[in-house]
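Grab a pencil and open the viewer. Below are some short exercises on one protein chain, each followed by a worked solution.

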Amino acid sequence: MEMELFMKCLKFAAHKHRNQRRKNLSETPYINHPINVAFILSGEAHINDNAVLMAALLHDTVEDTDTTFNEIENLFGPEVCSIVREVTDDKSLPKDVRKQLQIEHASNSSMEAKLVKLADKLDNLRDLQTTLPNSWTEERREHYFIWAKKVVDNLRGTNIYLEAQLDDVFRARKMI
């Protein structure tokens, strides 16, 4: 049953992100990002909490698609919905406010939300190490790394593996 629900979640996320592309030169399908986040958690960090893995697949659906929290709760339960809610930015706020709130709220998040956030940052930063998104400047990339490190620093003490991987990325940028 757990695998069936997980696969339903994967199918749902793929459908919701079906017309979206990443902002890289090859415009890879956006769904690759949530799948990568879930894989980082399960395949690399050995997290086997199904709610966390499903929240990883769904972490951008409310922000970036027409998905609602009610829809997630009805389909995947209150635990998954709660994690997704914690990692979802309020798009009605200005971007700089949303970024600051991520820094401020990171340390008070649940363990499950922290895991999703760490894996999300790791996947985004790994991409940014190798590819400059369309219309981004080198300065914008640098600002993203600086901001992401502030978020990650407030998530410390969550998962040794994920934090070490992120530290490797920051070390490569000479940030630590």
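**Exercise 1. Find which residues have the most contacts inside the largest nonpolar core, and look at the neighbours of Leu 41.**

Step 1. Keep in mind that this is a predicted model. Its largest nonpolar core holds 50 residues.

Step 2. Inside that core, Leu 41, Leu 58 and Leu 125 have the most contacts.

Step 3. Now take Leu 41 and skip residues up to four places away in sequence. What's left touching Leu 41 is His 46, Ile 47, Val 52, Leu 53, Ala 56, Leu 115, Val 116, Ala 119 and Leu 162.

Step 4. For background, nonpolar side chains tend to be buried together in soluble globular proteins.

**Exercise 2. Describe the overall fold: what are its elements, and how does its radius of gyration fit a compact globule?**

Step 1. Count the elements. You get 10 helices and 0 strands, so reading from the N terminus gives α-α-α-α-α-α-α-α-α-α.

Step 2. Check the size. A compact globule of 176 residues would have a radius of gyration near 16 Å, and the chain comes out at 15 Å, so the two agree. Along its principal axes, the C-alpha trace spans about 45 × 35 × 30 Å.

Step 3. Look at burial and surface. Buried residues account for 48% of the 176. The chain exposes about 9,200 Å², with carbon and sulfur atoms supplying 52% of that.

Step 4. Ask how far along the chain the contacts reach. Of those between residues at least 6 apart in sequence, 66% join residues at least 24 apart.

Step 5. Finish with charge. There are 24 positive and 28 negative charges, and their mean positions lie 5 Å apart.

**Exercise 3. Is His 33 buried or exposed, and what does it contact?**

Step 1. Place it: His 33 is in helix α2, which covers 32–44.

Step 2. Compare its accessibility with the cut-off. Buried means under 20% relative accessible area; His 33 has 2%, so it is buried.

Step 3. List the contacts, leaving aside neighbours within four places in sequence. His 33 meets Arg 22, His 59, Asp 60, Asp 120, Asp 123 and Asn 124.

**Exercise 4. Work out where His 46 and Lys 174 sit, and what is notable about phi in each.**

Step 1. His 46 is in the loop between α2 and α3 (50–58). Lys 174 is in the segment after α10 (160–172).

Step 2. Look at the backbone. His 46 isn't a glycine, yet its phi is positive, at about 60°. Lys 174 isn't a glycine either, and its phi is a positive value near 60°.

Step 3. Now accessibility: exposed means over 50%. His 46 has 60%, so it counts as exposed, and Lys 174 at 73% is exposed too.

Step 4. Link back to Exercise 1: His 46 is one of the residues that Leu 41 touches.

**Exercise 5. Is Lys 16 buried or exposed, and which residues does it contact?**

Step 1. Lys 16 belongs to helix α1, which runs over 2–16.

Step 2. Its relative accessible area is 14%, so it counts as buried.

Step 3. Beyond its neighbours within four places in sequence, Lys 16 is in contact with Thr 61, Thr 65, Asp 66, Thr 67 and Glu 71.

Step 4. Pick Thr 65 from that list: it is 49 residues from Lys 16 along the chain, but their C-alpha atoms are separated by 6.3 Å.

**Exercise 6. Sort Leu 25, Thr 131 and Val 151 as buried, partly exposed or exposed.**

Step 1. Leu 25 lies in the loop between α1 and α2. At 72% relative accessibility, Leu 25 goes in the exposed group. Its C-alpha is 8.2 Å from that of Leu 132, a residue 107 places away along the chain.

Step 2. Thr 131 is in the loop between α8 (111–130) and α9. Its 27% relative accessibility makes it partly exposed. Not counting residues up to four places away, Thr 131 touches Asn 24 and Arg 141.

Step 3. Val 151 is in helix α9 (residues 138–153). With 1% relative accessibility, Val 151 is buried. Leaving aside neighbours within four places, its contacts are Gln 102, Ile 103, Ala 106 and Lys 121.

Key
Residues numbered from 1 in each chain as written. Predicted model: local features only at pLDDT ≥ 70, side-chain atom pairs only at ≥ 80, totals over all residues. Heavy atoms only, no water. Helix = DSSP H or I, 4+ residues; strand = E, 2+ residues; numbered from the N terminus. Rg over C-alpha atoms; globule rule 2.2 N^0.38 Å. Buried < 20%, exposed > 50% of the residue type's maximum accessible area, 1.4 Å probe, protein only. Contact = heavy atoms within 4.5 Å. Areas by Shrake-Rupley, 256 points an atom, 1.4 Å probe, with all protein chains shown as cover. Lys, Arg positive; Asp, Glu negative; His and termini not counted. Charge placed at Lys NZ, Arg CZ, Asp CG, Glu CD. Core = buried A, V, L, I, M, F, W, Y, C linked by side-chain atoms within 4.5 Å.
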